[in-house]
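Grab a pencil and have the model open in front of you. Try each exercise on your own before you read its solution.

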Amino acid sequence: MVAAAPRDQPLPVLLTCKYLLSLVLGLGLLLTLAQSEFELQACLGALRIYSLVVVVLQVALQLVAPEASALHPGGGGGEGHIAAGFGKGKARNRAGKLVDFILVVILSIFSVCLTHIVTVLYGAYLIENIEETFTFSILVASLAFVRPLVALGPGALGLIIERANFEEEPVLQSLTAVVGAWFGALPIPLDWDTPWQVWPLTCCIGAVIGEVGASAYLLSKIYKAVDSRKKNKST
């Protein structure tokens, strides 16, 4: 069930902290990869930890402040939003929340497997480099699919399609992660002989850069919305 959340919540502060944390995590991961000199096993471990942290933080945010995990028609300023997911809320009974939680877990696992299958269909080895391909699948699924499922519940896809707004958080972050991963594949065939060209590092770096870019853009939207509100009050 989707319910209207109250409007008196300090959404700009919550969202600013959320996007700043996403920005710091993404930049921190990129710095960690660079400091490891793109040693493959070290990078794969860091990518898996990052994927886990992204999902855990989204779950924690959904349980503590579900209003910060909503679709925001106000363009990031927090002026009205539609909350969903399986966090707090009197409108949902415990049985309904439990069913939603189970569905989200199942769909999350399915999204990782589906990402892996699509990656193989696009040219990754089926058996060889399976650890590398699966790590990439976990990263992309965590950024693009699992997080919206946690934030919006098992009906996330329907809500996103219904809203069809590429400037809203779930759509923007999912799109930038997928597009970034796709563009990240472009340097792989180039004859540069650099350690970061090894599969799947360039694609993973592209996905994280997309995440960082989306977080920075969403932060700028909040700043503009708050600044505009202050100017309107002053006039």
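**Exercise 1: The loop after the opening helix run**

Glutamate 37 sits in the loop that links α1 (11-35) and α2 (40-64). This is a predicted model, so let's treat what follows as a reading of a prediction.

Task: Work out whether glutamate 37 is buried, partly exposed or exposed, and find what its phi is.

Solution.
- Step 1: The relative accessibility of glutamate 37 is 63%.
- Step 2: The cut-off for exposed is over 50%, so glutamate 37 counts as exposed.
- Step 3: Now the backbone: phi of glutamate 37 is near 55°, which is positive although the residue is not glycine.

Task: Do the same for phenylalanine 38: which class does it fall in, and what is its phi?

Solution.
- Step 1: Phenylalanine 38 is also placed in the loop between α1 and α2.
- Step 2: Its relative accessibility is 21%. Buried needs a value under 20%, so phenylalanine 38 counts as partly exposed.
- Step 3: Phi of phenylalanine 38 is near 60°, again a positive value in a residue other than glycine.

**Exercise 2: The overall layout**

Task: Say how many helices and strands the protein has, and in what pattern they follow one another.

Solution.
- Step 1: Count the elements, and you get seven helices and two strands.
- Step 2: Walk along the sequence and the pattern reads β-α-α-β-α-α-α-α-α.
- Step 3: For burial, 46% of the 235 residues count as buried.
- Step 4: For contacts, take those between residues at least 6 apart in sequence: 72% of them join residues at least 24 apart.
- Step 5: Here's one pair to look at: the C-alpha atoms of phenylalanine 101 and leucine 149 are 9.6 Å from each other, with their positions 48 residues apart along the chain. Phenylalanine 101 belongs to helix α3 and is partly exposed at 41% relative accessibility.

**Exercise 3: The largest pocket**

Task: Describe the largest pocket: what is its volume, and which elements give two or more residues to its lining?

Solution.
- Step 1: The volume of the largest pocket is about 1,000 Å³.
- Step 2: Of its 31 lining residues, Thr115, Val118, Val140, Phe145 and Val178 are the closest to the centre.
- Step 3: The elements that give two or more residues to this lining are α3 (94-121), α4 (130-152), α5 (156-163) and α6 (169-184).
- Step 4: Sort the lining by class and you find 26 nonpolar residues, five polar ones and no charged ones.

**Exercise 4: Rings and an odd peptide bond**

Task: Classify the ring pair of tryptophan 182 and phenylalanine 183: stacked, tilted or edge-to-face?

Solution.
- Step 1: The protein has three aromatic pairs, and tryptophan 182 with phenylalanine 183 is one of them, at 5.0 Å centre to centre.
- Step 2: The angle between the planes is 85°. Over 60 degrees counts as edge-to-face, so that is the class of this pair.
- Step 3: Tryptophan 182 is exposed at 53%, while phenylalanine 183 is partly exposed at 48%.
- Step 4: Move on to tryptophan 199 and proline 200, which are joined by a cis peptide bond with omega about 5°. Proline 200 lies in the loop between α6 and α7 (201-234).

**Exercise 5: How far to trust it**

Task: Find which elements have the lowest and the highest mean pLDDT.

Solution.
- Step 1: The mean pLDDT of the protein is 82, and 82% of residues reach 70 or more.
- Step 2: Strand β1 (residues 3-4) has the lowest mean at 42, and α4 has the highest at 94.
- Step 3: Residues 1-9 stay under 50, and residues 72-83 are below 50 as well.
- Step 4: Where pLDDT is low, don't read the predicted coordinates in detail.

How values were computed:
Residues are numbered from 1 along each chain as its sequence is written. This is a predicted model: local features need pLDDT of at least 70, side-chain atom pairs count only at pLDDT 80 or more; totals for chains, interfaces and linings use all residues. Side-chain values use heavy atoms; hydrogens and water are left out. On a 1 Å grid over the protein atoms alone, a cavity is a set of points where a 1.4 Å probe fits but cannot get out, and a pocket is an open set with protein on both sides within 12 Å along at least five of seven lines; lining residues have an atom within 4 Å of a point. Grid points are joined across faces, edges and corners, and a volume is the space filled by probe spheres set on the points. Helices (H or I, at least four residues) and strands (E, at least two) are DSSP runs, numbered from the N terminus. Ala, Val, Leu, Ile, Met, Phe, Trp, Tyr, Cys and Pro count as nonpolar, Asp, Glu, Lys and Arg as charged, and the others, Gly among them, as polar. Rings of Phe, Tyr and Trp (its six-membered ring) pair if their centres lie within 6.5 Å; planes under 30 degrees apart count as stacked, over 60 as edge-to-face and the rest as tilted. Buried means under 20% relative accessible area, exposed over 50%, partly exposed in between (1.4 Å probe, protein chains only). pLDDT is the predictor's confidence in each residue, from 0 to 100. Contact means heavy atoms within 4.5 Å.
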